[in-house]
Number of protein chains: 2
Amino acid sequence: MARVNTKQLITEAAVRVAAQQGISGASMDQIAEAAGVAKGSLYYNFSSKDAIFEQVMRDGFERLGAAVDEARSQAAGDPARLPRAVAAATLETLRGNLDLAKLMASEIFRTDRAWAGAMELARSSVVVRYRDVLREAEAARGGPRASEEITETAGAAFFGALAGACLDWLLFRRDQSVDQVLDQVLRGY
Amino acid sequence: MARVNTKQLITEAAVRVAAQQGISGASMDQIAEAAGVAKGSLYYNFSSKDAIFEQVMRDGFERLGAAVDEARSQAAGDPARLPRAVAAATLETLRGNLDLAKLMASEIFRTDRAWAGAMELARSSVVVRYRDVLREAEAARGGPRASEEITETAGAAFFGALAGACLDWLLFRRDQSVDQVLDQVLRGY
DNA sequence: GTCTATAGGTTGATAGAC
DNA sequence: GTCTATCAACCTATAGAC
């Protein structure tokens with residue numbers, strides 16, 4: 001067994017390299033160098049380059065889903081403020097994993113990758129979580145009609161608004177606080 | 001002079017190929033074949049592969065900006081319905097250029113490309129348009145405070161919500177009408 | 001489990017005929 | 001202005017030593 005988790009060393013290096021030049025632009029040589037291992041070790045720990053990035057994407061959505069779940073359980077008693085709590089947790093997670101967030105943004109609508117099926121499952125489970133958050137908030141404010149009217153599409157829009165504002169913030173206008181960004185995103189939610 | 005616009009033939013083919021396999025995955029051989037010209041003609045009309053995709057991105061943002069401008073001028077007399085009019089124009093434009101929309105989504109937050117500077121300018125001008133739409137709508141409904149409180153970040157969030165919902169719709173759940181998607185996205189705007 | 005060396009295939013770009 | 005032919009560079013993946 002390895003002294004450190006070589007698999008994790010490799011996926012973290014893959015994220016760093018791919019954030020700079022995209023997945024196709026990230027060569028196995030560069031990933032090996034960034035991870036501090038030989039290229040042969042990449043192929044011992046993963047069956048292919050695709051397998052590395054499938055793991056990267058899986059980890060990313062899992063992390064995001066866990067952050068949303070945690071925010072939901074913490075704000076369970078106050079459904080009116082649930083959207084803001086979940087939005088804040090999302091922004092913090094993306095900020096703490098900026099390289100990964102950029103990568104996920106550039107891959108989320110690609111249907112050609114070898115790992116597209118696995119990614120679509122993970123993406124869908126996150127979108128459903130956002131949909132449920134909007135439903136709970138609507139129910140709490142006694143919305144006009146039953147919350148079944150809020151579909152996955154609304155969840156995708158909420159997620160898109162968060163991701164779009166967050167990356168605009170972190171990449172192009174960093175001189176804002178989290179609360180300022182939240183205020184801008186949540187006008188209306 | 002060529003009998004048809006070879007440059008346009010090439011950029012359109014580049015969009016089709018790159019929508020399937022990404023920009024890095026799109027080879028010059030494939031683009032030439034899809035355009036129905038020889039590879040040498042690619043290099044006669046464009047200085048490099050990067051130059052082709054810089055033109056592609058420029059065209060995409062220009063098309064989107066023009067659609068927003070047209071919707072704004074048509075809805076000029078009714079600022080309360082401006083967001084929906086602009087949102088509808090955005091969805092229709094993305095739907096009519098789905099390959100290009102996928103490509104733009106996967107590139108919009110990449111800062112490593114040779115054409116990143118040009119793309120950031122184009123992206124910013126589109127975000128400002130959405131911000132202005134939100135400001136006009138807020139002013140029309142006599143919003144709590146001056147519209148200066150609505151920043152580019154809100155514009156980026158609005159754009160993100162539209163793009164996120166639209167691509168979720170067109171790629172994963174096509175069994176919806178434009179109006180249904182608009183209803184989901186605009187809850188709150 | 002990690003390493004080095006190399007095979008095998010693809011790519012972006014150029015040269016020169018027509 | 002478009003074509004064909006070709007090259008040098010690069011990349012993924014494998015083989016085999018340690």
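**Reading a DNA-facing surface and a helix crossing**

Guide: In this predicted model, the element that gives the most to the surface near DNA strand D is α3(B), with four residues.

Visitor: Which helices each supply at least two residues of that surface?

Guide: They come from two chains: α2 (28-35) and α3 (39-45) belong to chain A, and they are joined by α3 (39-45) of chain B. Around DNA strand D there are 17 residues, and those that come nearest are Met28(A), Lys39(A), Ala38(B), Ser41(B) and Tyr44(B). On the DNA side, sugar and phosphate make up 66% of the strand D atoms that come within 4 Å of the protein.

Visitor: How many residues of each class does the surface near DNA strand D have?

Guide: Sorted by class, there are eight nonpolar, six polar and three charged residues.

Visitor: Which part of DNA strand D lies 2.9 Å from a polar side-chain atom of Lys39(A)?

Guide: For Lys39(A) the partner is a base nitrogen, whereas Lys49(A) places a polar side-chain atom 2.9 Å from a phosphate oxygen of the strand. A side-chain N or O atom of Tyr43(A) is likewise found 3.0 Å from a phosphate oxygen of DNA strand D.

Visitor: At what angle do the axes of α7 and α8 of chain B cross?

Guide: The axes of α7 (residues 116-140) and α8 (residues 152-172) come within 7 Å and cross at roughly 100°. Because angles of 65 to 115 degrees count as roughly perpendicular, α7(B) is described as roughly perpendicular to α8(B). The residues of this contact divide into ten nonpolar, one polar and two charged, and among them are Tyr130(B) and Leu134(B) from α7(B), with Phe158(B) and Phe159(B) from α8(B).

Definitions and conventions: Residues numbered from 1 in each chain as written. Chains lettered and ligands numbered in written order. Predicted model: local features only at pLDDT ≥ 70, side-chain atom pairs only at ≥ 80, totals over all residues. Heavy atoms only, no water. Near = heavy atom within 4 Å. Polar contact = N/O pair within 3.5 Å; in protein donor to acceptor, adjacent residues only side chain to side chain. Nonpolar A, V, L, I, M, F, W, Y, C, P; charged D, E, K, R; others polar. Axes fitted to C-alpha atoms, helices over the stretch in contact; angles between N-to-C directions. Parallel < 35°, antiparallel > 145°, perpendicular 65-115°, else oblique. Contact = heavy atoms within 4.5 Å.
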